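Colleague: I would like to learn how to read the packing in a new model. Could you take me through it feature by feature?

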Amino acid sequence: MNMFQLSCFLAVAETLNFARAAEQLNITQPAMTHQIRSLESELNVKLFKRTTRIVELTPAGFLFLNDARKILEISAQAKQRFADLSNIEMQTLAIGCHNHIQLFRLPNVLKELARRYPHVYPKLIVVPFQHLFRFLEDETVDIIIGFREPATEKNNVSFKELYQIPMVCVCAASHPLASRSSIRPSDLDHEKLILLNPPTTQLHNNVTRRRPPSDFYFCESLEAVAVLVEAEFGVAVLPDDSTPRTPGLVSIPMEDMPPLPFGLYYKDLKGNTLLRDFVSIMESGFQERLPSAGGTGQLLLP
């Protein structure tokens with residue numbers, strides 16, 4: 001079944017005359033008859049009752065009439081939707097990150113980017129952090145937002161720091177530590193630790209040293225960390241902007257723990273105006289951020 005067969009069917013159904021229908025479509029009457037017979041053969045029904053005097057729709061023809069109209073209407077809509085795309089250059093920007101909370105940093109950035117590039121098509125990819133650099137190498141993603149991890153840096157990848165995020169201890173509101181104004185790493189020596197997998201290098205060095213495996217719970221997402229902390233399985237140490245905000249959790253500043261550099265990984269900005277502008281918007285947006293309450297890390301733009 002094809003669109004031309006359906007057009008022939010509708011032309012005959014509307015005129016009830018093969019000759020006039022053929023004239024409308026600028027084909028010969030034998031060609032019109034051939035198209036109808038081919039359609040009837042494919043559907044395995046007779047669509048028209050023909051005598052020497054009249055042409056009538058069969059019951060099957062009446063049933064098929066609405067279907068044929070809908071199919072042609074959908075086809076016409078699809079053609080119209082893409083009619084002007086030859087003059088539109090869709091610009092794809094694939095952005096990678098390793099948790100969903102980081103996505104909430106992007107709405108105002110993408111809004112400003114869309115203002116400058118009306119035909120931009122953002123692709124937001126959330127995958128485990130250890131795979132993002134392979135995606136960057138393969139150009140599956142154009143840029144990565146995340147924390148600086150020196151152990152993962154490569155010669156052909158650049159890192160642009162946007163700002164530094166202080167570390168906090170996250171515990172249940174009922175936990176004895178919840179009333180503290182600040183916490184030192186040594187205060188956690190006897191606490192079970194709930195870690196995001198993989199933990200950052202700095203966190204490994206400052207909190208997890210010389211601890212037995214039984215002291216740790218490893219989670220694959222920040223949401224899972226929040227659930228276990230609120231359930232009082234232990235406490236977590238996280239970058240402040242990555243901390244889930246729920247009534248049952250308390251975030252307390254960590255002392256003697258340097259902040260984590262947060263920024264952008266990319267291969268090359270040369271010749272890529274879209275990517276360069278995205279970096280510029282991110283950089284200017286982080287100069288004035290919304291308060292961390294709510295935990296979105298949303299950006300304010302000039």
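Modeller: Gladly, and let us begin with a term we need for helix packing: an axis is a line fitted to C-alpha atoms, for helices over the stretch in contact, and angles run from 0 to 180 degrees between N-to-C directions. Keep in mind that this is a predicted model.

Colleague: Thanks. At what angle do helix H1 and helix H4 pack?

Modeller: The general idea is this: two packed helices are described by the angle between their axes and the distance between the axes. Here, helix H1 (residues 3-15) packs against helix H4 (residues 59-81) at about 130°, and their axes are 10 Å apart. Angles over 145 would count as roughly antiparallel and 65 to 115 as roughly perpendicular, so H1 and H4 are oblique to each other. The crossing of H1 past H4 is left-handed.

Colleague: Which residues of H1 and H4 meet?

Modeller: From H1 come Met3, Leu6, Ser7, Phe9, Leu10 and Ala13, and they meet Gly61, Phe64, Leu65, Ala68, Arg69, Ile71, Leu72 and Ser75 of H4. Sorted by class, this contact has ten nonpolar, three polar and one charged residues.

Colleague: Now the strands, please. What is the order of the strands in the open sheet of five?

Modeller: A general word before the case: strands of a sheet pair through backbone hydrogen bonds, either parallel or antiparallel. In this model the order is S4-S3-S5-S12-S6, and the pairing is mixed. Strand S4 (120-126) and strand S6 (158-165) are the edges; each has a single partner strand, so one side of each has no neighbour in the sheet. On average, neighbouring strands of this sheet are turned by 20° against each other, direction ignored.

Colleague: In which sense do S3 and S5 pair?

Modeller: Strand S3 (residues 91-97) pairs with strand S5 (residues 143-147) in the parallel sense, over two bridges. To find the register on your screen, look for Ile95, whose bridge partner in S5 is Ile143.

Colleague: Which strands does helix H9 touch?

Modeller: Helix H9 (residues 273-285) packs on the sheet and touches S3, S4, S5, S6 and strand S12 (260-266), with its direction at about 50° to that of S3. Helix H5 (residues 107-116) lies across S3 and S4 and runs at about 155° to S4.

Colleague: And how do H5 and H9 cross?

Modeller: Their axes come within 10 Å and cross at roughly 140°, and H5 and H9 are therefore oblique to each other. H5 passes H9 in a right-handed crossing. In this contact, Val109, Leu110, Glu112, Leu113 and Arg116 of H5 meet Leu274, Asp277, Phe278, Ile281 and Met282 of H9. The residues of the contact divide into seven nonpolar, no polar and three charged.

Colleague: Let us turn to strand S7. Is strand S7 mostly covered or mostly open?

Modeller: Strand S7 (residues 167-172) is mostly covered, with six of its six residues buried. S7 runs antiparallel to strand S10 (residues 236-239), joined by four bridges, and Val168 has Leu238 as its bridge partner in S10. Five bridges join S7 to strand S11 (residues 249-253), again antiparallel, and there Val170 is bridged to Ser251.

Colleague: To finish, how many helices and strands are in the protein chain?

Modeller: The protein chain has nine helices and twelve strands. Of its 302 residues, 44% count as buried. Among contacts between residues at least 6 apart in sequence, 68% join residues at least 24 apart.

Conventions. Residues numbered from 1 in each chain as written. Predicted model: local features only at pLDDT ≥ 70, side-chain atom pairs only at ≥ 80, totals over all residues. Heavy atoms only, no water. Pairing = 2+ DSSP bridges. Contact = heavy atoms within 4.5 Å. Parallel < 35°, antiparallel > 145°, perpendicular 65-115°, else oblique. Left-handed = near helix turned anticlockwise from the far one by under 90°. Nonpolar A, V, L, I, M, F, W, Y, C, P; charged D, E, K, R; others polar. Buried < 20%, exposed > 50% of the residue type's maximum accessible area, 1.4 Å probe, protein only.
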